[in-house]
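The following exercises introduce a protein structure to a reader who has not met it before. Each task is followed by a solution in steps.

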Amino acid sequence: MKHTDVKAILCEPELFFDKSVTVCGWIKSYRDSKNMAFIALNDGTTLPHLQVVIDKGAIQIPEGATRAGSSVKIDGVAVKSLNANQAIEVNAEKITLLGDCPADYPIQKAKTSLDFLRTLPHLRVRTNTFNAIFRVRSKLSYAIHRFFQERGYMYVHTPIITGSDCEGAGKIFKVTTIGYDPKYKSEEEYNAADFFGQSAGLTVSGQLEGEVMATAFGKIYTFGPTFRAENSNTTRHAAEFWQIEPEVAFAEIDDIIGIATEFIKFIIAEVLKECPEEISFLEKYYEKGLRAKLQKVVDDEFVRVEYTEAIEILKKSGKQFVYPVEWGCDLQTEHERYLTDVVYNKPVFVVNYPKDLKSFYMKQNPDGKTVAATDLLVPGVGEIIGCSEREADSKKLLQAIKDRGMKMSDYENYLDLRKFGTVPHSGFGLGLERILMYATGMGNIRDTIAFPRAKDELR
Ligand code: 4AD
Ligand code: MG
């Protein structure tokens, strides 16, 4: 269907003045006056709507083309607008109704509650709010690829079906083609009869395969779906989310912290540059001061605090936490939020966690108690990045696998990486939806992914 994107017209109006145009889109609102009518038209290519002006005496308005939600094709002439809010509008010469939208269209009000919209994943994306969020998601994703591609990283694809548990947290969705049957005498026998001849699951992280690729290509990144059977029903956890996992050979913990810092600053700067209208909209309706907050991320240094020091700060805070604070405890959301929102009010790397809290693959520090691991915490959200130097010493790695009671045979290839030309290497994982929550001001992860999957939620 030959037509011009609304974005093209709104972005460069001077190219279209006094020219004939055809535009298509959905009616966002219809306003009637005595002789004239006005349609606010949006085709999804941009956040602002295009005003279509109708001389009621001169042209026929088809039944249905007056209803919000209906789709139309408009042939007309683009002209300078007299309205101060817009540079250009279209005087309609012909209106064709493409699809009528009856009165029971559930998306009626300009701003409907996010809770309500979550019940309509197939329709909520047509609202201004999701128009803004998903454009930020798209631009952010592009910026992520740009960051790595422009710095010589190879984009690699790691498997979705795996036989190992990278994070060792046991939050794996099982992949199977057969149901359990009492005829199997043991779990091993059941797994052996299954499709892969062993137990299989959806990946919780592409890291282990990412390390394989990094020990061949030096600098790699993955960007793909990740699955975790999170039983907790929180606003920050999804069962399916997108993770970006760079893995860098010849990089130690300080190097990877530097890369992660540069990376976050770059992608946030790109969002500010590429999505000014979206950020203004989100700031107006969802988070006051959003733009200044993001600009501060670009401009200010990130904080770096030792885990041990963070524990001291929390203990001295005088605050009654639900989860008591002691050296060795995992930082709960309330602790993270205290550090980011109250103490620092900017992104914070918490470095050198107790080894018992973290995964088997992290490099053990000489103190014998901690690992070279860091989480990047941001105000309002908490953890957005999990990062570490990897244990390059095969003996220590072997011991860590044993200590955790993990199945050695699943990690033989991984151990080979330490046997054949091992190198210091480090990497991190950024949750796309977590940084999107931060960049858009959304309080619930379900509003940053089009079709959220969570416990008892599969719409
Ligand atoms: O901290 P995590 O578990 O680290 C890893 O998976 C490492 N293998 C990463 C690496 O070093 N290559 O997860 C990394 C990030 C978290 O910081 C968070 O942003 C996000 O993934 N994440 C989730 N996002 C949404 N829903 C969930 N259930 C998430 N679990 C982790
Ligand atoms: Mg983590």
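## Exercises on salt bridges, cores and the ligand shell

Both D375 and K358 are buried. The model that contains this pair is predicted, and the first exercise begins from the pair.

**Exercise 1. State what joins D375 and K358, and where each residue is placed.**

Step 1. D375 and K358 form a salt bridge, with the closest N and O atoms 3.2 Å apart. This distance falls within the 4 Å cut-off for such a pair.

Step 2. D375 belongs to strand β14 (residues 370-378), while K358 sits in the loop between β13 (348-354) and β14. The two are 17 residues apart, and the pair links distant parts of the chain.

**Exercise 2. Describe the salt bridge between D447 and R124, and name the network to which both belong.**

Step 1. The closest N and O atoms of D447 and R124 are 3.1 Å apart.

Step 2. D447 lies in the loop between α14 (432-440) and β17 (453-454), and R124 lies in helix α3 (residues 121-124), so the salt bridge ties together parts that are 323 residues apart in sequence.

Step 3. D447 is buried, and R124 is buried as well.

Step 4. Through salt bridges that share partners, D115, R118, R124 and D447 are joined into one network.

Step 5. In the whole structure, the search finds 26 salt bridges.

**Exercise 3. Determine whether K296 and D300 are buried, partly exposed or exposed.**

Step 1. The side chains of K296 and D300 meet in a salt bridge, at 3.5 Å from N to O.

Step 2. The limits needed are under 20% relative accessible area for buried and over 50% for exposed, with partly exposed in between.

Step 3. K296 has a relative accessible area of 34% and is therefore partly exposed. D300, at 25% relative accessibility, also counts as partly exposed.

**Exercise 4. Identify the residues with the most contacts inside the largest nonpolar core, and the helix that gives the largest share of this core.**

Step 1. The largest nonpolar core has 66 residues, and F263, I264, I267 and L430 have the most contacts inside it.

Step 2. Helix α7 (residues 253-274) contributes 12 residues, the largest share of this core.

Step 3. Leaving aside residues up to four places away in sequence, F263 touches I144, F147, F148, I244, F428 and L430.

Step 4. Another core, of 21 residues, lies apart from the largest one; L50, I59, I74 and A92 are among its residues.

**Exercise 5. Describe the surroundings of ligand 1.**

Step 1. There are 24 residues around ligand 1, and E167, Q207, R228, E245 and E383 come nearest.

Step 2. Backbone atoms also approach the ligand. A polar backbone atom of A238 is 3.0 Å from a nitrogen atom of ligand 1, and a polar backbone atom of F428 is 3.4 Å from a nitrogen atom of ligand 1. For G431, a backbone N or O atom lies 3.2 Å from an oxygen atom of ligand 1.

Step 3. On its own, ligand 1 has 630 Å² of accessible area, and the protein covers 94% of that area.

Step 4. The elements that give two or more residues to the shell are β11 (240-249), β15 (382-389) and β16 (425-431).

**Exercise 6. Characterise the position of A373.**

Step 1. A373 is found in strand β14.

Step 2. Its relative accessibility is 1%, so A373 counts as buried.

Step 3. Apart from residues up to four places away in sequence, A373 touches I253, V350, V351, N352, Y353, M362, C387 and S388.

Step 4. The C-alpha atoms of A373 and Y307 are separated by 9.8 Å, and these residues are 66 apart along the chain.

**Exercise 7. Locate D18 and N345, and give the sign of phi for each.**

Step 1. D18 is in the loop between α1 (6-11) and β1 (20-32). Its phi is near 65°, a positive value in a residue other than glycine. With a relative accessible area of 63%, D18 is exposed.

Step 2. N345 is in the loop between α11 (333-344) and β13. Its phi is near 55°, again a positive value in a residue other than glycine. At 43% relative accessibility, N345 counts as partly exposed.

**Exercise 8. Summarise the protein chain as a whole.**

Step 1. The secondary structure comes to 14 helices and 18 strands.

Step 2. The chain has 459 residues, of which buried residues make up 49%.

Step 3. Among contacts between residues at least 6 apart in sequence, 66% join residues at least 24 apart.

Terms used:
Residues are numbered from 1 along each chain as its sequence is written. Chains are lettered from A and ligands numbered from 1 in the order in which they are written. This is a predicted model: local features need pLDDT of at least 70, side-chain atom pairs count only at pLDDT 80 or more; totals for chains, interfaces and linings use all residues. Side-chain values use heavy atoms; hydrogens and water are left out. Helices (H or I, at least four residues) and strands (E, at least two) are DSSP runs, numbered from the N terminus. Buried means under 20% relative accessible area, exposed over 50%, partly exposed in between (1.4 Å probe, protein chains only). A nonpolar core is a set of buried Ala, Val, Leu, Ile, Met, Phe, Trp, Tyr and Cys residues joined through side-chain atoms within 4.5 Å. Contact means heavy atoms within 4.5 Å. A residue is near a molecule or strand if one of its heavy atoms lies within 4 Å of it. A polar contact is a pair of N or O atoms within 3.5 Å; within protein, one must be able to donate a hydrogen and the other to accept it, and residues adjacent in sequence count only if both atoms are side-chain atoms. Accessible areas come from the Shrake-Rupley method with a 1.4 Å probe; for residues, only the protein chains shown count as cover.
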